[in-house]
Amino acid sequence: MVSNGSDKLRSLALENMTRTAALFGGHMLDGKGDEGEDEGARMLKLKVKYNLNFHTSNVAMAAMREHDRQSLSRKQDRDSSGKQDGRQHPSAKKLKTEEPTDEEPFSIDDQTIKQMETAAEAKDLSTGGSAKSSAGSEALTVPAYPKNFGGVRAKNPGVANALAIAQDRPDWHPPWKLYRVLMGHLGWVRSVAVDPANEWFCTGAADRTIKIWDLASGKLKLTLTGHIGAVRGLAISDRHPYMFSAGDDKQVKCWDLEYNKVIRNYHGHLSGVYAAEVHPSLDLLVTGGRDATARVWDMRTKAQVFALGGHRDTINSIQTQKVDPQIISGSADSTIRLWDLAAGKSMSTLTNHKKGVRAVACNSREFSFASASADNIKTWRLPEG
């Protein structure tokens with residue numbers, strides 16, 4: 001009985017291994033698929049891959065063809081009206097664009113697949129050039145269209161994004177060169193703040209320390225200890241010799257930079273504090289963290305002025321300014337809230353991000369701010385957003 005059971009298990013395991021090898025063996029061994037794969041299955045996979053990779057471009061091409069169709073119709077109308085008047089309309093010139101076709105934008109034949117498979121310069125497909133096939137002299141040609149598509153862009157704003165993606169993407173060049181690498185922390189650096197006078201800057205890290213560095217030379221000037229968790233937020237006051245720090249230990253500390261020691265602690269957060277910001281004109285400190293609440297503190301009396309609730313997840317970033325909205329908060333719930341500081345309530349909620357908002361930054365030259373998340377970076381106009 002034992003041998004029969006082991007034989008069944010062995011045979012079942014062998015069948016599973018055989019099935020797995022048949023399905024994935026070719027990809028695991030050489031990355032080229034099964035040698036016995038028939039041509040029809042291979043072409044079907046290539047078609048699916050084409051639709052996945054070039055779906056947006058196909059939508060753009062369909063919009064381009066529709067735009068050309070409308071342009072051609074208007075041109076013919078101008079021609080006919082010019083002939084009726086006995087003179088040619090000045091704008092009735094021969095168009096140099098290809099004749100629009102009624103092809104299905106998402107369909108692709110086997111010949112095109114083979115050309116794409118052997119194309120040496122795939123970049124030409126998005127610029128309107130031709131990709132030469134190594135198998136023959138034929139080329140896959142995609143018509144070139146102007147960047148401004150007139151009424152198509154106005155009628156459907158979503159097409160504008162597709163058209164932009166269809167254009168050739170420029171080569172990326174690093175805009176910054178590495179100037180200096182500063183080493184000293186024993187954990188991840190979670191926060192950075194720069195002195196308003198541009199003489200020094202401070203960093204907070206997962207090693208529970210705050211380090212102050214000389215901005216010009218990059219030398220370490222001072223190390224401050226006091227937190228028992230990672231330091232997540234730092235803020236420097238431009239009106240007082242104070243620096244504020246917040247961390248995973250639920251603590252918010254005020255440091256006197258003349259004596260390099262903690263002079264105040266602000267208690268009230270129920271979990272880790274991820275952001276801290278000083279009001280530019282009032283003696284107020286705003287903090288936010290994992291308890292999804294932005295708390296406004298009187299920095300001198302340590303009293304909590306407001307507990308701004310409304311977010312449903314961690315507050316990752318906070319910005320303050322002199323005019324309404326005086327507080328802007330970005331949260332992991334993918335929303336941004338603009339707060340009325342006088343009333344202590346939310347003015348508006350921005351929900352355009354699809355993923356959690358990681359950072360918020362105000363523009364010092366214009367009345368706007370930017371927000372960053374895992375999906376993209378957006379710019380907002382104030383005060384309404």
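This section describes a three-stranded sheet and two buried residues in a predicted model. Local features require a pLDDT of at least 70, side-chain atom pairs count only at pLDDT 80 or more, and totals for chains, interfaces and linings use all residues. Residues are numbered from 1 along each chain as its sequence is written, and side-chain values use heavy atoms, without hydrogens and water.

Three strands (DSSP runs of E, at least two residues, numbered from the N terminus) form an open antiparallel sheet in the order E19-E20-E21; strands pair if DSSP finds at least two bridges between them. Strands E19 (357–362) and E21 (377–381) are at the edges with a single partner strand each, so one side of each has no neighbour in the sheet. From one strand to the next, the twist averages 20 degrees (angles run from 0 to 180 degrees between N-to-C directions of lines fitted to C-alpha atoms). Five antiparallel bridges join E19 and E20 (residues 368–373), and cysteine 362 has phenylalanine 369 in E20 as its bridge partner.

Aspartate 256, in strand E9 (residues 252–256), is buried (under 20% relative accessible area, 1.4 Å probe, protein chains only). Aspartate 256 has no salt bridge (a side-chain nitrogen of Lys or Arg within 4 Å of a carboxyl oxygen of Asp or Glu); the nearest side chain of opposite charge, arginine 264, is 7.3 Å away. A polar atom of the aspartate 256 side chain lies 2.9 Å from the backbone nitrogen of glutamate 258.

Valine 296, in strand E13 (residues 293–298), is buried, with a relative accessible area of 0%. The C-alpha atoms of valine 296 and leucine 284, twelve residues apart in sequence, are 6.6 Å apart.

Key:
Helices (H or I, at least four residues) and strands (E, at least two) are DSSP runs, numbered from the N terminus. Buried means under 20% relative accessible area, exposed over 50%, partly exposed in between (1.4 Å probe, protein chains only). Lys and Arg count as positive and Asp and Glu as negative; His and the chain ends are not counted. A polar contact is a pair of N or O atoms within 3.5 Å; within protein, one must be able to donate a hydrogen and the other to accept it, and residues adjacent in sequence count only if both atoms are side-chain atoms.
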